[in-house]
Amino acid sequence: MTLKEARERLIRNLIEKKFLKTEKVIQAVREVPRELFVPEKFKKFAYADNPLPIGIGQTISAPHMVAVMTELLEPKKTDKVLEIGAGSGYHAAILSKLVKMVYTIELEHDLVISARKVLQKCGCKNVEIIEGDGNEGYEQAAPYDKIIITCAAQEIPKRLVAQLKDGGRFVAPLGGTFVQELVVGTKKGEELILETHFNCVFVPMRKGKK
Ligand code: SAH
């Protein structure tokens with residue numbers, strides 16, 4: 001089976017399981033070659049529905065998790081999105097097909113460099129990777145229509161809430177080190193209205209070292 005065939009099989013599977021729901025999100029998954037975002041030795045597993053190691057103890061999320069989080073974010077062509085945890089750059093690449101601009105923050109220098117390279121190779125021009133601590137957000141481009149956190153946060157950092165537009169939406173794995181709940185939040189004035197989905201497991205959101 002070629003990688004393209006494996007990708008189509010994975011997409012069919014994610015649709016059947018209702019992880020993928022909307023045509024534009026399906027199309028975005030179809031357009032981004034996940035094999036470019038994983039280390040060479042894992043390319044043959046690029047379309048298994050699993051997280052994979054990307055070095056420095058970090059992982060690229062499983063395709064169903066990228067699908068669910070993207071659907072829950074309800075991306076629109078006019079959106080400016082902030083992602084915390086660029087990692088491989090894969091999720092940012094998917095989002096770039098669906099929104100106007102993606103800013104993504106990554107703590108690990110080596111991942112910043114490799115993600116920048118692969119996003120350039122894929123022609124994703126509307127993604128900017130910022131090296132830094134996601135707890136601080138990225139004030140320079142705020143406010144955001146949507147915020148997505150792709151590492152496990154114990155709580156939503158206040159700085160991030162402040163950088164979200166009124167009526168804005170965020171998706172994040174909230175909870176402890178070993179297991180979290182996938183949470184969708186909407187900002188209504190000073191209040192955050194939270195909706196909890198299902199359990200998930202993400203690498204922890206760490207405190208910035210710089
Ligand atoms: N969205 C990624 C998945 C990344 S895994 C992808 O598509 O591949 C989570 C990432 O969050 C890791 O790369 C980790 O280094 C990063 N991370 C952890 N704590 C962080 C923080 N405080 N600020 C920014 N990035 C952080």
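Okay, so P143 sits in the loop between β5 and β6, with β6 covering residues 144–149. Have a look at the bond just before P143, the one from A142: what kind of peptide bond joins A142 and P143? It's a cis one, with omega at about 5°. Keep in mind that this is a predicted model, so that angle, like everything else I'll show you, is computed.

Let's stay with loops for a bit. Between β1, residues 52–55, and β2, residues 58–60, you'll find I56. What's phi doing at I56? Phi is near 55° there, so we have a positive value in a residue that isn't glycine. As for how covered I56 is, its relative accessibility is 42%, so I56 counts as partly exposed.

Now go along to E74, in the loop between α3 and β3, where β3 is residues 80–84. E74 isn't a glycine either, and its phi is positive too, about 50°. The relative accessible area of E74 is 42%, which means E74 is partly exposed.

E74 comes after helix α3, so let's step back into that helix. How many of the 11 residues of α3 are buried? Ten: α3 runs over residues 63–73, and 10 of its 11 residues are buried, so you can call the helix mostly covered. Among those buried residues are P63, M65, V66, A67 and V68. Further along, M69, T70, E71, L72 and L73 are buried as well. Notice that E71, and not just residues like V66 or L72, is on that buried list.

One more loop. C124 is in the stretch between α5, residues 109–121, and β5, residues 127–131. Is C124 buried or exposed? Its relative accessibility is 9%, and the cut-off for buried is under 20%, so C124 counts as buried. Who are its neighbours? Leaving out residues up to four places away in sequence, C124 touches A93, S96 and L119. Take A93: it's 31 residues from C124 along the chain, yet the two C-alphas are 6.4 Å apart in space.

That kind of contact brings me to the chain overall. Look at contacts between residues at least 6 apart in sequence: 52% of them join residues at least 24 apart. The protein chain has six helices and nine strands, and 54% of its 210 residues count as buried. The C-alpha trace spans about 50 × 35 × 35 Å along its principal axes. How does the radius of gyration compare with a compact globule? For 210 residues you'd expect near 17 Å, and this chain has 16 Å, so the two agree.

Last stop, a pair of helices at the start of the chain. When two helices pack, people describe them by the angle between their axes and the distance between the axes. Here, the axes of α1, residues 3–16, and α2, residues 23–31, come within 10 Å and cross at roughly 155°. So α1 is roughly antiparallel to α2, and the crossing is right-handed.

Which residues of α1 and α2 meet? From α1 we have R7, E8, I11 and I15, and from α2 it's I26, V29 and R30. Sort that contact by class and you get four nonpolar, no polar and three charged residues. If the spacing of those numbers looks familiar, here's the background: an α-helix has 3.6 residues a turn, so residues three or four places apart point the same way.

Methods
Residues are numbered from 1 along each chain as its sequence is written. This is a predicted model: local features need pLDDT of at least 70, side-chain atom pairs count only at pLDDT 80 or more; totals for chains, interfaces and linings use all residues. Side-chain values use heavy atoms; hydrogens and water are left out. Axes are lines fitted to C-alpha atoms, for helices over the stretch in contact, and angles run from 0 to 180 degrees between N-to-C directions. Helices (H or I, at least four residues) and strands (E, at least two) are DSSP runs, numbered from the N terminus. Angles under 35 degrees count as roughly parallel, over 145 as roughly antiparallel, 65 to 115 as roughly perpendicular and the rest as oblique. A crossing is left-handed if the near helix is turned anticlockwise from the far one by less than a right angle, and right-handed if clockwise. Contact means heavy atoms within 4.5 Å. Ala, Val, Leu, Ile, Met, Phe, Trp, Tyr, Cys and Pro count as nonpolar, Asp, Glu, Lys and Arg as charged, and the others, Gly among them, as polar. The radius of gyration is taken over C-alpha atoms; the globule rule is 2.2 Å times the number of residues to the power 0.38. Buried means under 20% relative accessible area, exposed over 50%, partly exposed in between (1.4 Å probe, protein chains only).
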